[in-house]
Amino acid sequence: MTGSADQAASEPPPATAEQYRVADLEILRAGADLALVHARDSGAAGFYRADVVDLLVSCRQFGTLEQHLQAYLGNDAASVRRPGLQRELQRLLRAGFLVSLSGPQPAEPPHELPPISTLGFPTRDRVTVLHRALTSYAANCLDAGRRVEVVVVDDSADPGTRRAYRRMLGQLQSSLGLDLHYGGLEEKSAFVAALAGTGDLPEEVVRFGVLGEGAAGATIGANRNALLLHSAGERIFSADDDTVCRLAVPPEQLAGVELDSGGNPLQLWFFGGRDEAFGSVRYAEQDLLGLHERYLGQPPAPLLAAGPASFERADPALLRRLRHRPGTIRVTTNGTVGDCGWDNPDFHLFQDGASLARLVGTEAGYQLARTTRSMVQAATRTTISGRPDPKFAICLGLDNTELLPPFPPAGRAEEVGFGAVLASCFPDAYAAHLPWLVQHDPIDERHFSAANPFTIGLGSWLPSCLSRFDPWPADAPAERLRRLGEYLTDLAGLPGTEFDEFVRLGMFESMSGLILGLEERLAGCDPVPDYWARDVQRYLAQARRSALAPVDELYSALGGRAALQRLLRRYGQLLIWWPAIVGAARQLRAADHPLARPVREFG
């Protein structure tokens with residue numbers, strides 16, 4: 001064939017023991033039986049026959065050249081085409097259309113980084129629950145010989161509740177042996193004014209970022225932003241106030257590290273109640289923050305080079321990115337045992353692999369899992385994801401030494417919106433999912449929501465919204481945040497009918513992908529139980545009805561189109577100003593004026 005690969009045809013063949021897979025390619029038709037193939041990694045380009053291109057793209061997993069050829073030929077392994085295809089495969093390798101398993105890992109040591117310095121707890125109206133969490137995490141830190149700053153950020157609206165938090169923290173100050181800090185409405189409001197003055201910032205934008213908008217419901221995202229601003233410049237760990245720091249091993253825990261291009265690495269095990277779930281796992285004495293410190297802020301390559309490592313779930317684009325862009329792990333998360341933390345009762349329908357097999361093993365077990373919220377959810381091995389999406393924010397390590405995006409300050413699913421913005425605007429960011437558990441044990445009895453799952457909230461809608469945002473050619477995160485902010489602000493300013501059309505189109509696209517994915521699984525070669533298939537069909541029927549429902553019903557979770565447009569405009573403005581807000585927060589912290597104040601100051 002023609003192209004740059006011909007120039008390398010006379011070179012000696014590569015070592016047969018090495019493993020390769022297809023590189024990050026662009027393939028364009030160039031005739032009836034010809035294609036132009038370009039490797040983005042090596043820059044190689046050439047014209048190749050259709051059968052050679054088919055052989056190349058079939059090399060999706062790492063394997064030797066012989067293994068790839070055998071898999072491609074299948075029952076036709078003795079074909080007369082074999083010698084020619086073997087030569088073509090070697091030529092494709094030399095030209096740079098295949099990448100080596102050993103290629104993505106430069107020989108550099110992990111970075112020397114300071115320890116996690118802040119242990120943060122977002123909370124609201126749960127004084128007693130927070131007391132339980134604080135004592136458990138403090139015990140874990142003290143057992144590991146750690147001294148960290150414990151920061152409680154509270155968005156309780158009632159002044160009496162905020163006084164109760166301060167009183168409880170004051171009583172714990174001496175017994176825990178850790179430095180306790182508290183930031184409620186009064187402390188946040190004072191910090192907002194100081195930020196606006198220090199950075200010459202619009203106070204209404206800063207206030208929205210730190211305090212949210214009560215009329216839009218939950219303000220957990222604003223509470224998380226308060227923690228980010230308090231700890232600007234540090235590595236931190238955030239835990240929900242209804243978790244208990246009792247570390248456990250998931251039912252399956254594998255050695256090594258896996259590189260994953262995205263998706264969801266969490267496996268699920270289902271139980272009839274929390275006590276059953278708590279009793280199903282093996283508990284272990286481990287330094288929780290130390291487990292996160294191994295990965296948080298580190299470049300992925302040396303961690304993978306330390307091995308054993310798996311690259312089977314890494315696509316060619318991620319392997320190319322790993323070789324050519326520095327990148328660090330900006331988010332770490334661990335699994336949980338106990339309450340699942342999400343309220344969509346149809347989440348079960350989207351499980352696959354071993355999780356699905358456990359879910360549908362028996363009809364009685366399946367029906368129980370559809371009603372109980374008690375489960376283990378965790379990665380089975382340390383998984384470094386090319387898409388820095390935390391999945392759940394119950395436990396988060398955050399590399400806050402450099403700029404991170406703000407969480408959507410109003411509404412629920414704030415971690416979904418945060419992950420979407422992080423993936424879109426921080427091209428060098430990774431996440432690490434750790435195969436360890438803490439208990440998630442809310443004191444209230446929780447149930448799956450009966451609300452229509454197809455309504456729109458700001459955080460849950462952002463991934464769909466951002467799928468049509470292109471930051472190119474901007475590369476720096478601050479510039480990408482600015483462009484995204486302008487994009488969202490412009491969307492929010494659309495006339496009502498045009499905004500409705502944008503929302504409906506995005507909903508149609510999401511619904512189409514969802515329906516096609518589920519129907520492909522129903523029609524797949526692997527058998528599925530009738531009771532699972534019936535629930536999938538019910539869900540698909542509901543999805544199709546929702547797709548044709550009046551557009552006003554989509555906004556019901558927020559109070560109408562005007563409310564969504566207002567929140568979208570305010571969040572867009574927050575993204576534009578966020579780098580400057582973070583810079584001002586760093587100045588205030590350096591001047592000993594953090595957001596949360598030491599508990600000892602409250603008397």
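This is a short dialogue on one strand and one cavity in a predicted model.

Biologist: What ground rules apply to this predicted model?

Modeller: Residues are numbered from 1 along each chain as its sequence is written. Local features need pLDDT of at least 70, side-chain atom pairs count only at pLDDT 80 or more, totals for chains, interfaces and linings use all residues, and side-chain values use heavy atoms, without hydrogens and water.

Biologist: Is strand β10 largely enclosed or open, and why?

Modeller: Strands are DSSP runs of E, at least two residues, numbered from the N terminus. Buried means under 20% relative accessible area (1.4 Å probe, protein chains only). Six of the seven residues of β10 (residues 243–249) are buried, so the rest of the structure largely encloses this strand.

Biologist: Which strands pair with β10?

Modeller: Pairing takes at least two DSSP bridges between two strands. β19 (residues 429–440) is joined to β10 by three bridges, antiparallel. There, Thr 243 has His 440 as its bridge partner. β13 (residues 282–283) also runs antiparallel to β10, with two bridges. Here Val 249 stands opposite Arg 282.

Biologist: How many cavities are there?

Modeller: A cavity is a set of points, on a 1 Å grid over the protein atoms alone, where a 1.4 Å probe fits but cannot get out. Five are of 30 Å³ or more. The largest holds about 110 Å³; volume is the space filled by probe spheres set on the points.

Biologist: Which residues lie closest to the centre of the largest cavity?

Modeller: Lining residues have an atom within 4 Å of a point. Of the 14 here, Leu 266, Thr 333, Asn 334, Gly 335 and Phe 392 are the closest to the centre. β15 (328–339) gives the largest share, four residues.

Methods
Buried < 20%, exposed > 50% of the residue type's maximum accessible area, 1.4 Å probe, protein only. 1 Å grid on protein atoms, 1.4 Å probe; cavity = no way out; pocket = protein on both sides within 12 Å on 5 of 7 lines; lining within 4 Å.
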